[in-house]
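Colleague: I have just opened this one and would like a guided tour. Could you show me how to read it, feature by feature?

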Amino acid sequence: MRWQDLRRSGNVEDRRGMSGGGKVAIGGIGVIIVLAIGLLTGQDPGEILANLQGAQTTEEVQSRPPGPRPDDKTADFVSAVLGSTEDVWSAIYTQNDAAYQRPKLQIFENSTQSGCGGASSAMGPFYCPADQKVYIDLSFCDELRDRFKAPGDFAVAYVVAHEVGHHVQNLMGISEQLQQQRGRISEAEYNKLSVKLELQADFLAGVWANHAQQMSNILEPGDLDAALTAANAIGDDKLQKESQGYIVPDAFTHGSSKQRMYWFKKGFETGDLSQGKYEDIQ
């Protein structure tokens, strides 16, 4: 991925070397892993999530050690990707006679405190609508390469763009509509709506990639495959199969590998928001 010349975002909060406790928030890829573990051990995933969300950790604040860090290049890369999403979505909003509200992105290490509660690196990158921030521990970039076998800068860019996609959904009021259904419908039905939300975020990540390519010529050979490999690796069916040996579609919260690849690719190929309306996602 050609990212070196991209504008760096001024909306990055670097909290590496500092950690904060509190309630644990669940989101992003981590929620899939938690549910898979629950199914594997015979426990109620909902109960596990509730326990995690209610868990308390000791508040710790550490000063950042002086000097450069091994992951400084990765932090610079994430800042460049966020800057690109800002430029793309600002342009799209302007074309639709609206103003894009840019999210902040917090880089943390091990744990942090978000507007949605405490967060740990184990849960993976996530978006918190309460404070309109994307959160990421850069160790996830290594995990994406080593555990999920999805190497390459563009695989990480896809994940960041997916979380920014959740921000766009929040601005559009879609996230709130889903949240209002919690407790009103069955868990299986709510999971289906959650899957639609995640697949639309994949689509929006593809829309970003389409426009970023037109604006900045960011793609190199193999980049699209890298994003599709990442989408395939974090599908609910693939993670359930690996963790427990069988698949439970009613427990899907993010979509199958095939669905995730399809919607990202559709967003990339069309670049057209009208092609990925929430009600049309399936």
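Modeller: Gladly, and let us begin with a term we will need: a crossing of two helices is left-handed if the near helix is turned anticlockwise from the far one by less than a right angle, and right-handed if clockwise. By that rule, helix 7 and helix 10 make a right-handed crossing. Keep in mind throughout that this is a predicted model.

Colleague: Thanks! Before we go on with those helices, how many helices and strands does the protein have?

Modeller: There are ten helices and six strands. The protein has 282 residues, and 52% of them count as buried. About 12,800 Å² is exposed, with carbon and sulfur atoms supplying 49% of that area.

Colleague: Which share of the contacts with a separation of 6 or more comes from residues 24 or more positions apart?

Modeller: Such pairs account for 76% of those contacts.

Colleague: Back to the helices, then. What numbers describe two packed helices?

Modeller: Two are used: the angle between the axes and the distance between the axes. For helix 7 (residues 187-216) and helix 10 (residues 257-270), the angle is about 35° and the axes are 6 Å apart. Helix 7 brings residues including V195, L199, F203 and N210 to this contact, while helix 10 offers, among them, Q259, W263, F264 and T270. Sorted by class, the contact has nine nonpolar, five polar and four charged residues.

Colleague: How does helix 3 pack with helix 7, and at what angle?

Modeller: Helix 3 (residues 72-95) packs with helix 7 at an angle of about 90°, and their axes are 9 Å apart. Angles of 65 to 115 degrees count as roughly perpendicular, so helix 3 is roughly perpendicular to helix 7. On the helix 3 side, V81, S84, T85, D87, V88, W89 and I92 take part, and they meet L204, V207, W208, H211, A212 and M215 of helix 7. That contact divides into nine nonpolar, three polar and one charged residues.

Colleague: And what is the angle between helix 5 and helix 8?

Modeller: Helix 5 (residues 153-172) and helix 8 (residues 223-233) pack at about 55°, with 7 Å between their axes. That angle makes helix 5 oblique to helix 8. The crossing of helix 5 with helix 8 is right-handed. F154, A155 and Y158 of helix 5 meet D223, L224, A226, A227, A230 and A231 of helix 8. By class, this contact has eight nonpolar, no polar and one charged residues.

Colleague: Now for single residues. Is S256 buried or exposed?

Modeller: The cut-off to remember is that buried means under 20% relative accessible area. S256 has a relative accessible area of 12%, so S256 is buried. You will find S256 in the loop between helix 9 (236-244) and helix 10. Leaving out residues up to four places away in sequence, S256 touches G235, D236 and D237. The C-alpha atoms of S256 and L239 are separated by 9.3 Å, and these two residues are 17 residues apart along the chain.

Colleague: Where is Q275, and which residues is Q275 in contact with?

Modeller: Q275 sits in the segment after helix 10. Not counting neighbours within four places in sequence, Q275 is in contact with F203, W263, K266 and T270. Q275 and F203 are 72 residues apart along the chain, yet their C-alpha atoms are separated by 8.9 Å. Q275 counts as partly exposed, at 35% relative accessibility.

Colleague: What about the backbone? Which phi does Q132 have?

Modeller: Q132 has a positive phi of about 55° although it is not a glycine. Q132 belongs to the loop between strand 5 (126-128) and strand 6 (133-137). With a relative accessible area of 26%, Q132 is partly exposed. K149 also has a positive phi of about 55° without being a glycine. The place of K149 is the loop between helix 4 (139-146) and helix 5. At a relative accessible area of 59%, K149 is exposed.

Colleague: One last stop: where does I185 lie?

Modeller: I185 lies in the loop between helix 6 (174-179) and helix 7. I185 counts as partly exposed, at 30% relative accessibility. Apart from neighbours within four places in sequence, I185 is in contact with Y190 and L193.

Terms used
Residues numbered from 1 in each chain as written. Predicted model: local features only at pLDDT ≥ 70, side-chain atom pairs only at ≥ 80, totals over all residues. Heavy atoms only, no water. Helix = DSSP H or I, 4+ residues; strand = E, 2+ residues; numbered from the N terminus. Buried < 20%, exposed > 50% of the residue type's maximum accessible area, 1.4 Å probe, protein only. Contact = heavy atoms within 4.5 Å. Areas by Shrake-Rupley, 256 points an atom, 1.4 Å probe, with all protein chains shown as cover. Axes fitted to C-alpha atoms, helices over the stretch in contact; angles between N-to-C directions. Parallel < 35°, antiparallel > 145°, perpendicular 65-115°, else oblique. Nonpolar A, V, L, I, M, F, W, Y, C, P; charged D, E, K, R; others polar.
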